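Please open the model in your viewer and keep the selection panel at hand. We will go from one selection to the next, pausing at each stop to say what is there.

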Amino acid sequence: METEEKKSYTESMSETEEKKGHTEETVAENGEKRTDIVCAPFLKNKDTTATIMRDVVIALVPAALFGIYRFGFRAFLIMLLSVTSCVLTEHVCKRIRKVQGQAYECSAVVTGLLMGMMLPVNVPYWFPVAGGVFAIGIIKQLFGGLGRNRLNPAAAAKCLFLVLVGPLMGISVEGYLVTWSESSISNLFFGFSVGMAGEVSVFLLLLGGLYLVSGKVISLHTPVAYLVSFALVMAVFGGYGTDLNGLAMQLCIGGVVLGAFFLTTDYTTSPLTAWGKVIYGVIVGGLTGALRIWGFTVESVAYAVVLGNLLVPVIDIITLPRALGKGRKAMK
């Protein structure tokens with residue numbers, strides 16, 4: 001006869017087994033019924049690549065629309081050509097690589113929108129078209145497609161333009177800084193100043209970034225580390241010290257906020273761990289400030305992001321947790 005202790009133990013073990021897994025009846029090839037045990041955990045998540053990319057697009061749209069309002073129909077055409085070029089290039093590359101059966105994940109739209117928002121409205125119309133081909137065809141698809149690219153496609157395309165045809169993009173330290181220094185902080189923050197169409201409204205970019213944070217699409221590790229590191233470099237080495245007005249101006253210009261929330265948080269080209277994200281944000285933010293001070297260009301965000309992307313594998317090696325017992329000598 002079972003004791004009460006044995007009964008309670010048996011019941012607890014049964015409950016544990018029920019929590020750990022459940023059985024499924026299947027029919028084998030010979031027609032016999034077979035019972036398979038499916039083990040826990042049964043983790044489900046409604047988020048897919050497509051829904052994540054959709055959220056990023058939603059977060060970017062307000063700043064993009066404001067840029068179109070500020071700079072007119074030409075800004076809309078630049079963004080439209082950029083998105084169209086990226087989407088078509090991805091479609092052609094997938095056909096060439098014979099990639100079939102994959103659901104459309106909308107990542108090319110994000111790349112195209114980001115690139116269009118980072119371009120001046122006075123560039124020739126072939127710029128966003130060529131940029132889409134380079135960003136998707138070379139930086140992304142040549143390395144195997146989504147999830148395999150080492151560099152952020154939009155930032156890499158911006159770097160290419162800055163290196164090859166920077167003067168045509170209308171970027172000059174003297175011209176922009178004079179105009180920015182004459183603007184009030186409120187105008188810089190809300191977007192009533194000069195700059196790239198999608199970068200001017202810091203307020204709307206912050207709202208978009210907080211939307212992604214609230215939806216747990218991104219975390220605050222990298223953006224906060226990036227902004228703090230950038231501000232410290234500008235304060236110490238840029239000569240701003242405790243000049244909060246000057247530091248605020250630097251944070252509001254040159255796409256710093258766009259880079260913090262939308263470029264450095266790219267899943268593929270950013271570290272995996274929380275500490276890795278912090279280290280990455282500190283490095284990229286510091287590089288952004290250093291390049292702005294000694295690189296003679298306010299558009300240093302793209303350069304810094306691409307350089308930071310190259311360090312991500314090293315950061316992952318340093319910060320990824322070691323498997324239990326790995327690297328230790330066996331006990332004798």
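Begin by selecting helix α12, residues 256–263, where eight of the eight residues are buried, so the helix is largely enclosed by the rest of the structure. Bear in mind throughout that what you are looking at is a predicted model. The buried residues of α12 are Val256, Val257, Leu258, Gly259, Ala260, Phe261, Phe262 and Leu263.

Keep α12 on screen and add helix α9, residues 202–214. The axes of α9 and α12 come within 9 Å and cross at roughly 15°, which makes α9 roughly parallel to α12, since an angle under 35 degrees counts as such. The crossing of these two helices, α9 and α12, is left-handed. Which residues meet where α9 and α12 are in contact? On the α9 side, select Val202, Leu205, Leu206, Gly208, Gly209 and Leu212, and on the α12 side, select Val257, Leu258, Phe261 and Phe262. It helps here to remember a general rule: an α-helix has 3.6 residues a turn, so residues three or four places apart point the same way.

For a second pair of helices, select α10, residues 221–237, together with α11, residues 244–252. The axes of α10 and α11 come within 10 Å and cross at roughly 130°, and that angle makes α10 oblique to α11. The crossing of α10 and α11 is right-handed. To show the contact itself, display the side chains of Leu227, Phe230, Ala231, Met234 and Ala235 in α10, which meet Leu247, Gln250 and Leu251 in α11.

Now turn to the aromatic rings. How many aromatic pairs does a search of the whole structure find? The search finds nine, and one of them is formed by phenylalanine 66 and phenylalanine 192, an edge-to-face pair with 5.4 Å from centre to centre and 85° between the planes. Phenylalanine 66 lies in helix α2 (residues 49–71), while phenylalanine 192 lies in the loop between α8 (185–190) and α9 (202–214), so the pair ties together parts that are 126 residues apart in sequence. Is phenylalanine 66 buried or exposed? Phenylalanine 66 is buried, because its relative accessible area of 14% falls under 20%, whereas phenylalanine 192, at 43%, counts as partly exposed.

Next, select phenylalanine 190 and phenylalanine 203, whose ring centres lie 5.3 Å apart with their planes at 55°, so that this pair is tilted. Phenylalanine 190 belongs to helix α8 and phenylalanine 203 to helix α9, and the pair links these parts of the chain, 13 residues apart. Both rings are partly exposed, phenylalanine 190 at 39% relative accessibility and phenylalanine 203 at 32%.

Return to phenylalanine 66 and add Tyr69 to the selection: Phe66, Tyr69 and Phe192 form one aromatic cluster.

Two arginines are the next stop. Arginine 70 lies over the face of phenylalanine 71, at 5.1 Å from the ring centre. Then select arginine 74 and tyrosine 125, where the charged end of the arginine sits over the tyrosine ring, 4.3 Å from its centre.

Finally, zoom out to the whole chain, whose secondary structure comes to 14 helices and two strands. Of its 332 residues, 44% are buried. Among contacts between residues at least 6 apart in sequence, 70% join residues at least 24 apart.

How values were computed:
Residues numbered from 1 in each chain as written. Predicted model: local features only at pLDDT ≥ 70, side-chain atom pairs only at ≥ 80, totals over all residues. Heavy atoms only, no water. Phe/Tyr/Trp six-rings, centres within 6.5 Å; stacked < 30°, edge-to-face > 60°. Helix = DSSP H or I, 4+ residues; strand = E, 2+ residues; numbered from the N terminus. Buried < 20%, exposed > 50% of the residue type's maximum accessible area, 1.4 Å probe, protein only. Lys NZ or Arg CZ within 6 Å of the ring centre and 35° of its normal. Axes fitted to C-alpha atoms, helices over the stretch in contact; angles between N-to-C directions. Parallel < 35°, antiparallel > 145°, perpendicular 65-115°, else oblique. Left-handed = near helix turned anticlockwise from the far one by under 90°. Contact = heavy atoms within 4.5 Å.
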